[in-house]
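Q: I'd like a close look at one part of this model, starting from a pair of charged side chains and working outward. Keep it informal, but give me the cut-offs.

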Amino acid sequence: MSGAAGRLHAARGYAARGWHVFVLGRTKRPVANCPRCAAAGPDHDPHACPCLTCHGFYAATIDPDRIAAMLTAHPDGLLAIRTGAVSGLAVVDIDPRHGGRLDRTLMTPTAAVATPGGGWHLYYTHPGRPLPAKLPGRDGIDIKTDGGLVVAPPSTPAGAPRGYRWTVPARPVGEMAPRLLQACRTRPGPAVPASTVTPTPRPARRQGGGAISHPDALLAATLAAVDHAPKGRRRVTLYGAARGLARMVAADALTAPDAVAALTATGERNGQTPRDIRGAIKGGFEAEGMPT
Ligand SMILES: [Zn+2]
Ligand SMILES: [Zn+2]
């Protein structure tokens with residue numbers, strides 16, 4: 001399978017794993033925005049924009065039909081994956097041209113891509129907390145996480161001697177080793193274990209990796225406020241919680257499905273009707289400019 005057919009096949013496989021896919025131009029630059037979006041002001045919300053490929057990684061999707069349409073619209077485009085909690089991925093990007101070296105004491109075996117520049121993309125499950133854009137104290141090692149992207153196989157950028165390719169044999173996507181997480185820590189933030197703060201019954205699990213948790217005291221506090229609200233105030237408090245979680249989704253601290261699941265579970269626990277729960281979530285998300 002070659003060219004466009006190969007990219008479509010790969011993209012569908014990525015999307016099936018929950019990895020959000022989009023296309024870049026052949027030089028790794030974003031595809032140009034349409035004239036309407038290019039002229040839009042700061043009020044234009046890239047999250048809510050319906051365009052197929054505008055706004056770089058905001059266009060990333062797991063919808064197979066949209067993916068096929070993107071690749072049809074840009075048959076020479078490079079396949080890219082939006083990293084971060086949205087896809088459940090944090091990718092360690094080792095670039096030997098800038099001094100990056102594989103450190104096996106930190107970087108335990110996981111799914112890996114060989115890059116055209118002779119480096120590596122090590123795919124790990126997102127640890128559920130913010131990571132720095134660079135591994136502190138190491139040259140040539142970036143971390144592609146929330147707000148980031150990676151070019152994905154089988155893509156060959158213009159002028160590159162070879163394309164991005166998965167290493168053989170293929171490995172499952174692993175979790176970051178505690179030592180790697182420790183090395184990432186520039187400004188220590190409290191990592192609260194999900195089991196103690198997250199009232200949602202089951203963390204999302206992704207193929208090839210462990211549980212993706214969203215260990216976030218803010219999430220727990222927001223939902224607890226609904227639990228503790230007086231009976232007559234619970235509906236409006238759920239709406240407020242929906243707005244709070246919509247902002248967390250916008251910040252890539254939480255995925256939209258997880259936010260909806262957490263809000264639904266909280267509303268049900270407090271005896272709210274399915275109709276009221278849906279209304280609170282929809283209203284809260286729309287008030288924050290987020291699609292539901
Ligand atoms: Zn557009
Ligand atoms: Zn737009």
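In what do the side chains of Asp95 and Arg97 meet, and at what N to O distance?

A: They meet in a salt bridge, with N to O at 3.2 Å. By that I mean a side-chain nitrogen of Lys or Arg within 4 Å of a carboxyl oxygen of Asp or Glu. Quick ground rules: this is a predicted model, so local features need pLDDT of at least 70 and side-chain atom pairs pLDDT 80 or more, while totals for chains, interfaces and linings use all residues. Residues count from 1 along each chain as written, chains are lettered from A and ligands numbered from 1 in written order, and side-chain values use heavy atoms, without hydrogens or water.

The two partners sit in unlike surroundings: Asp95 is buried at 15% relative accessible area, whereas Arg97 is exposed at 60%. Here buried is under 20%, exposed over 50% and partly exposed in between, with a 1.4 Å probe and protein chains only.

The structure holds five salt bridges, and another one joins Asp103 to Arg138, with the closest N and O atoms 2.9 Å apart. Asp103 is in the loop between β3 and β4, and Arg138 in the loop between β5 and β6, so this pair ties together parts 35 residues apart in sequence. (Helices, H or I with at least four residues, and strands, E with at least two, are DSSP runs numbered from the N terminus.) Asp103 counts as buried at 16%, and Arg138 as partly exposed at 34%. Asp142 and Lys134 also pair up, N to O at 3.0 Å, and that lysine, Lys134, is exposed at 53%.

Moving on from the charges, β3 (89-94) also feeds the largest nonpolar core, along with α1, β1, α3, β2 and β7, each giving at least two residues. Such a core is a set of buried Ala, Val, Leu, Ile, Met, Phe, Trp, Tyr and Cys residues joined through side-chain atoms within 4.5 Å. This one has 30 residues, and those touching the most other members are Tyr14, Trp19, Phe22, Leu79, Ile81 and Tyr123.

Tyr14 leads to α1, whose buried residues are Gly6, Arg7, Ala10, Ala11, Tyr14 and Ala15. Looking down the α1 axis, these fall within an arc of 165° (taken from the directions from the axis to the C-beta atoms), so they line one face of the helix. His9 and Ala16 are exposed on the face turned away from that buried side. The cover over the buried residues of α1 includes β1, α3, β2 and β8.

Leu79 leads to Ser155, which sits in the loop between β7 and β8 and is buried at 0%. The Ser155 side chain reaches the Leu79 backbone nitrogen at 2.9 Å, and one of its polar atoms lies 2.7 Å from the backbone oxygen of Ala152. Leaving aside neighbours within four places in sequence, Ser155 is in contact (heavy atoms within 4.5 Å) with Arg7, Leu78, Leu79, Gly163 and Tyr164. Arg7 brings us back to α1, where it is one of the buried residues.

Definitions and conventions:
Polar contact = N/O pair within 3.5 Å; in protein donor to acceptor, adjacent residues only side chain to side chain.
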